[in-house]
Amino acid sequence: MENNQGKLIVLILFLVGVVIWMTIFSGRLTDLRRLTREYENAERTITALTATTSYLATEVVAAGSEESVEEWAYEERKWIRDGDQRLAISKAKGTPAAPVIQPTSTPEPENMFQVWWRLFFNTRP
């Protein structure tokens with residue numbers, strides 16, 4: 001009988017050990033999954049930042065060139081080159097003024113509750 005009790009105690013201790021080990025193992029697997037997701041997100045962020053950095057470095061080099069500055073000045077700032085003729089558009093005499101368009105207000109859509117109320121009771125709520 002003493003032998004059976006000893007075996008039972010060993011079995012119970014073994015099962016308790018297995019349960020504790022499984023709990024710890026499960027927690028570690030959860031941590032592994034979370035850390036893997038964080039690592040993948042960090043890798044994606046680093047890749048995006050590296051691409052942005054290289055793009056901006058290219059833009060800085062391009063913006064520093066003389067041709068780029070001239071192109072920006074002529075296209076964006078409307079500068080003229082030597083020999084260009086600048087045109088200034090002005091109104092011809094006797095041209096009627098452009099009509100002023102008055103915006104009209106659009107009616108606000110009715111609340112569906114109010115529509116159903118009038119349908120059944122024929123009065124305003």
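Here is a short exchange on how the labels for this predicted model are earned.

Me: What kind of model is this, and how are residues numbered?
Reply: The model is predicted, so local features need pLDDT of at least 70, side-chain atom pairs count only at pLDDT 80 or more, and totals for chains, interfaces and linings use all residues. Residues are numbered from 1 along each chain as its sequence is written, and side-chain values use heavy atoms, with hydrogens and water left out.

Me: How many helices and strands are there in the protein chain, and what counts as one?
Reply: Helices are DSSP runs of H or I with at least four residues; strands are runs of E with at least two; both are numbered from the N terminus. The protein chain has three helices and zero strands. From the N terminus on, the order is α-α-α.

Me: How do you know whether the protein chain matches a compact globule?
Reply: Use the radius of gyration, taken over C-alpha atoms; the globule rule is 2.2 Å times the number of residues to the power 0.38. For 125 residues, a compact globule would come out near 14 Å, but the protein chain has 39 Å. Its C-alpha atoms fill a box of roughly 125 × 75 × 10 Å along the principal axes.

Me: Which pairs of residues show separations in space?
Reply: Leu 8 and Pro 99 are 91 residues apart along the chain, and their C-alpha atoms are separated by 101 Å. Thr 45 and Lys 93 are 48 residues apart in sequence and 62 Å apart, C-alpha to C-alpha. Thr 36 and Glu 2 are 34 residues apart along the chain, with 51 Å between their C-alpha atoms.

Me: Why is Trp 21 called exposed?
Reply: Buried means under 20% relative accessible area, exposed means over 50%, and partly exposed is in between, with a 1.4 Å probe and protein chains only. Trp 21 has 51%, so it is exposed.

Me: Why is Phe 25 called partly exposed?
Reply: Phe 25 has 38% relative accessibility. That value is between 20% and 50%, so Phe 25 counts as partly exposed.

Me: What makes Trp 21 and Phe 25 a stacked pair?
Reply: A search of the whole structure finds four aromatic pairs. Trp 21 and Phe 25 form one that is stacked, at 5.3 Å centre to centre and 10° between the planes. Rings of Phe, Tyr and Trp (its six-membered ring) pair if their centres lie within 6.5 Å; planes under 30 degrees apart count as stacked, over 60 as edge-to-face and the rest as tilted. Both tests are met, so the label holds.

Me: Where do Trp 21 and Phe 25 lie?
Reply: Both lie in helix H1 (residues 2-63), four residues apart, about one turn of the helix. An α-helix has 3.6 residues a turn, so residues three or four places apart point the same way.

Me: What makes Trp 116 and Phe 120 stacked?
Reply: Trp 116 and Phe 120 have 5.8 Å centre to centre and 20° between the planes. These values are within 6.5 Å and under 30 degrees, so the pair is stacked. Both residues lie in helix H3, four residues apart. Trp 116 is partly exposed at 47%, whereas Phe 120 is exposed at 60%.

Me: How do you know whether helix H3 lies in the open?
Reply: Helix H3 covers residues 112-121, and of its ten residues the number buried is zero, so it lies largely in the open. Of the 125 residues of the protein chain, 1% count as buried.

Me: What makes Asn 111 a cap of H3?
Reply: A polar contact is a pair of N or O atoms within 3.5 Å; within protein, one must be able to donate a hydrogen and the other to accept it, and residues adjacent in sequence count only if both atoms are side-chain atoms. A side-chain oxygen of Asn 111 lies 3.2 Å from the backbone nitrogen of Phe 113, and Asn 111 caps the N-terminal end of H3. Just after H3, Asn 122 takes a positive phi of about 60°.
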